Amino acid sequence: MAKNVMHAVQYDGYGGGPSGLKHVEIPIPNPNKDEMLLKLEAASLNPFDWKVQKGMLWPLLPRRFPHIPGTDVAGEVVQVGPGVKKFKAGDKVVAMVNPLNGGGLAELAVTKESLTAARPPEVSAATAVGLPVAGLTAHQALIQSAGIKLDGSGKQANVLITAASGGVGLYAVQLSKLGNTHVTATCGARNLELVKSLGADEVIDYTTPEGATLKSPSGRKYDAVIHCATGIPWSTFEPNLSTNGKVIDITPGLSAVANFALGKLTFSKKQLVPLLLSPKAQNLDYLLKLVREGKLKTIIDSKYPLTKAEDAWAKSIDGHATGKIIVEP
């Protein structure tokens, strides 16, 4: 490679929002053992990224400043470190960068082999790059936390998905319908048709008085809630749950963890379950296979060049994106 520096976007401290992001030229990183260097074709933003900047994961993240945000990346392998067995230079991949180190908003990034999957030629970089955080979160919430079998076996479950037009929500609706489920979804009025078109059986406008109660229009009690929104108290969920109903909170704060512990203490059959993503390459492979087969779509809200990363950042913070926000170097 002729040049040994790359364009990247980083921030030097907590806070600052979009204006805290700085465009810099920095040395290209080297892959260590079991790592690969990728030339990026696309990155995707998640609320996690700006929450770290805001200091919401202090003192854990970031590990150090300056920090290059971004965990979802897709691109081409340009160099492999010692010990890498499955990939070689020239391979097209999608990966999750180690969130402790970050690095996604750049021309090149280092990823671990264990969090990297081969991207089929039929699946574009922009489509694939939505999957790592949002797709894997929806998948883990449904399979592991809610116990839904995506092959359609098992007894029918009633599932509620809140904020169904966001990054995780849109994947959760589609994945749920691969199982034996009846899906109720909440979103704003402008996205009702989209969410319905992706398979939801009932869609509720959360801004209406009926929507605020989360009641199923067909009177069902929910066996599982994939909770992608924020600010809904347990008291709103509780009367809508079946006897063993679970609320799976994908953005758990301290109150969610406390509620979970309290539920365990009181032996309540209804539970609030905090979800912490445990990413695995084989699950990413599975989601890419579904995309290739036309069973799962990435809905792209907007695309921005890396030179306008702060606009993408502002769009994510605004909280009203429909699907994924993509940044392309």
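How many positive and how many negative side chains does the chain have, and how far apart do the centres of the two sets lie? In this predicted model, the chain has 35 positive and 28 negative side chains, and 6 Å separates the centres of the two sets.

## The chain as a whole

The secondary structure consists of 10 helices and 15 strands. For a chain of 329 residues, a compact globule would have a radius of gyration near 20 Å, and because the chain has 20 Å, the value agrees with that expectation. Taken along the principal axes, the box that the C-alpha atoms fill is roughly 65 × 40 × 40 Å.

Of the 329 residues in the chain, 52% are buried. Among contacts with a separation of 6 or more, 69% are made by residues that stand 24 or more positions apart. The accessible surface comes to about 14,700 Å², and carbon and sulfur atoms account for 56% of that surface.

## A cluster of aromatic rings

The count of aromatic pairs in the chain comes to three. The rings of Y11 and F65 have centres 6.2 Å apart and planes at 55°, and because an angle that is neither under 30 degrees nor over 60 counts as tilted, this pair is described as tilted. Y11 lies in the loop between β1 (5-10) and β2 (22-27), while F65 lies in the loop between α1 (47-54) and β4 (72-80), so the pair ties together parts of the chain that are 54 residues apart in sequence. The two partners can also be described by their accessibility: Y11 is buried, with a relative accessible area of 0%, whereas F65, at 34% relative accessibility, counts as partly exposed.

Y11 also forms an aromatic pair with W313, which is tilted, with 6.5 Å from centre to centre and 55° between the planes. This pair links distant parts of the chain, since Y11 sits in the loop between β1 and β2 and W313 belongs to helix α10 (residues 309-318), 302 residues apart. W313 is buried, with a relative accessible area of 0%. Taken together, ring pairs link Y11, Y14, F65 and W313 into a cluster.

## Backbone features

Most residues other than glycine have a negative phi, and most peptide bonds are trans. Against that background, the peptide bond from F65 to P66 is cis, with omega near -5°. P66 is found in the loop between α1 and β4, and F65, the residue before this bond, is also a member of the ring cluster.

Which residues other than glycine have a positive phi, D34 and A163 being the ones to place here? D34 has a phi of about 65° and lies in the loop between β2 and β3 (35-45), whereas A163 has a phi near 50° and lies in the loop between β8 (157-162) and α4 (167-176). Both residues are classed as partly exposed, because a relative accessible area between 20% and 50% falls into that class, and the value is 28% for D34 and 26% for A163.

The table sets these two residues side by side.

| Residue | Phi | Loop | Relative accessible area |
|---|---|---|---|
| D34 | about 65° | between β2 and β3 | 28% |
| A163 | near 50° | between β8 and α4 | 26% |

Technical notes: Residues numbered from 1 in each chain as written. Predicted model: local features only at pLDDT ≥ 70, side-chain atom pairs only at ≥ 80, totals over all residues. Heavy atoms only, no water. Helix = DSSP H or I, 4+ residues; strand = E, 2+ residues; numbered from the N terminus. Rg over C-alpha atoms; globule rule 2.2 N^0.38 Å. Buried < 20%, exposed > 50% of the residue type's maximum accessible area, 1.4 Å probe, protein only. Contact = heavy atoms within 4.5 Å. Areas by Shrake-Rupley, 256 points an atom, 1.4 Å probe, with all protein chains shown as cover. Lys, Arg positive; Asp, Glu negative; His and termini not counted. Charge placed at Lys NZ, Arg CZ, Asp CG, Glu CD. Phe/Tyr/Trp six-rings, centres within 6.5 Å; stacked < 30°, edge-to-face > 60°.
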